Amino acid sequence: MLDLDADVSAEQLGRFTARVAALAGDHPVRDVVDLGAGTGTGTFALLRQFPEARVTAVDTADEMLGHLAGSAQRHGFDGRIRPLRADVDERWPETGPADLIWAASSMHHMADPDRVLRDIRATLRPGGQLAMIEMESMPHFLPDDLGIGTPGLESRCDVLMAEARAEHLPHMGSDWTARLTAAGFTIRESGDLVVDLPAPVPAAAARYAYATLQRMRAGLADRLTSEDRDTLDVLLADDGPHSLRNRTDLTVRSTRSFWIATPA
Ligand SMILES: C[S@@+](CC[C@H](N)C(=O)[O-])C[C@H]1O[C@@H](n2cnc3c(N)ncnc32)[C@H](O)[C@@H]1O
């Protein structure tokens, strides 16, 4: 799913890394840390943007780092990436000083994000930057009225996902501007990264829609109404007029928030 998301968001991510580069000005960006790197969406976008950079890709999951290392080899980036398995909740990993720290959809996973933000601040060289991205809800792919079930399925799923996440990811949807300021950062720029792909969407976006709705169906099984469960089953079926595989009205709409900040 992370790779499909990278595909769909590639253009916005390219523009965002270019903006980070513009704000870096004369400060050379050589040592980069991707915190909670996952399968490397940020790592690869950063390596493309900063030709002199080496990225330390930190993640707690061996599976993610293995996937990232495989992709790095395929893209010819392996010499410029240092995968580092570490749990940032335990302590700040041995990254060395950094010119840029990237944290995309990872900060809300941390047990104590305020401590991690202070560690980021201490790790950045003078003139270094933190680029942070957070997303509050899954992307939407469907028209409001599907022709089956009650309109508004994805909005109802958002509410249920937020309820489910509140139990194990309490920092999701935090006031990150306040937390960054309290940790001693000056915010240089913040705003939204918007993906808005009209129909017909590319094949990767259709696969992303399928993977997302499949995950909703599995993760929210106990919370969904029986009508919404049935609607999701019809959408995820291999065939039929309403199946995702046959629909031509899929779109991709997602909004993420971003912050580019420097130690105050
Ligand atoms: C939602 S994924 C985002 C991945 C990637 N940054 C992206 O934008 O696609 C969050 C990642 O953070 C990692 N993560 C969560 N808690 C962590 C921790 N305490 N230390 C290191 N990595 C962590 C997870 O393993 C996962 O790969």
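**Domains, strand pairing and nonpolar cores of the predicted model**

Pro200 is located in the loop that links β6 (185-197) to α7. In this predicted model, the peptide bond running from Ala199 to Pro200 is cis, and its omega is near -5°.

The domain assignment divides the protein chain into domain 1 (1-136 + 173-196 + 255-264) and domain 2 (139-168 + 200-248). The centres of domain 1 and domain 2, taken over C-alpha atoms, are separated by 29 Å. Domain 1 contributes 7 residues to the contact, and domain 2 contributes 9 residues.

A record also bears on the chain. In an unreviewed entry, UniProt lists residues 32-128 under "domain: Methyltransferase". The C-alpha atoms at the two ends of residues 32-128 are 10 Å apart. Helix accounts for 35% of this span and strand for 28%.

Strand β4 was examined with its partners. Strand β1 (residues 31-35) pairs with β4 in the parallel sense, over 3 bridges. Within this pairing, Trp102 of β4 is the bridge partner of Asp34. Strand β5 (residues 124-134) also pairs with β4 in the parallel sense, here over 6 bridges. Ala103 stands opposite Met132 of β5. Together, β4, α4 and β5 form a β-α-β unit that is right-handed.

β4 is mostly covered, since 6 of its 7 residues are buried. Ala98 belongs to this strand, which spans residues 98-104. Ala98 is classed as buried because its relative accessible area is 0%, below the 20% limit for that class. Leaving out residues up to four places away in sequence, Ala98 touches Asp31, Val33, Thr123, Leu124 and Arg125. Leu193 is 95 residues from Ala98 along the chain, and the C-alpha atoms of the two are separated by 24 Å.

Ser105 is found in the loop between β4 and α4 (113-123). Phi of Ser105 is near 55°, a positive value in a residue that is not glycine. Ser105 counts as partly exposed because its relative accessibility is 27%, and that class lies between the limits of 20% and 50%.

Another strand pair is formed by β2 (residues 54-59) and β3 (residues 81-85), which run in the parallel sense and share 5 bridges. Val55 has Ile81 in β3 as its bridge partner. Between β2 and β3 the chain passes through helix α3 (residues 62-75), and the resulting β-α-β crossover is right-handed.

Helix α2 (residues 41-49) contains Arg48. Arg48 is exposed because its relative accessible area is 54%, over the limit of 50%. Arg48 and Gly14 are 34 residues apart in sequence, and their C-alpha atoms are 8.7 Å apart in space.

In soluble globular proteins, nonpolar side chains tend to be buried together. The largest nonpolar core in the model holds 30 residues. The members that touch the most other members are Leu142, Leu153, Leu213, Leu220, Leu235, Leu244 and Val252. At least two residues of this core come from each of α1 (2-24), α5 (153-168), α7 (203-219) and α8 (226-236). The largest share is that of α7, which gives 8 residues. Domain 1 and domain 2 each supply at least three residues to this core. Apart from this core lies another, of 29 residues, which includes Phe50, Leu65, Ile81 and Trp102.

The surroundings of Leu213 were examined separately. When neighbours within four places in sequence are left aside, Leu213 is in contact with Leu142, Glu154, Leu232, Leu235, Leu236 and Leu244. Among these contacts, Leu142, Leu235 and Leu244 are listed, like Leu213 itself, with the core members that touch the most other members.

Two residues named in the strand pairings also appear in the core of 29 residues. Ile81, the bridge partner of Val55, is a member of that core. Trp102, the bridge partner of Asp34, is also a member.

How values were computed
Residues are numbered from 1 along each chain as its sequence is written. This is a predicted model: local features need pLDDT of at least 70, side-chain atom pairs count only at pLDDT 80 or more; totals for chains, interfaces and linings use all residues. Side-chain values use heavy atoms; hydrogens and water are left out. Two strands pair if DSSP finds at least two bridges between them. Helices (H or I, at least four residues) and strands (E, at least two) are DSSP runs, numbered from the N terminus. A crossover is right-handed if, with the strands pointing away from the viewer, the path from the first strand over the helix to the second runs clockwise. A nonpolar core is a set of buried Ala, Val, Leu, Ile, Met, Phe, Trp, Tyr and Cys residues joined through side-chain atoms within 4.5 Å. Buried means under 20% relative accessible area, exposed over 50%, partly exposed in between (1.4 Å probe, protein chains only). Domain bounds come from an automatic or database domain assignment. Contact means heavy atoms within 4.5 Å. UniProt positions are given in the numbering used here, feature names are shortened, and annotations may be inferred rather than shown by experiment.
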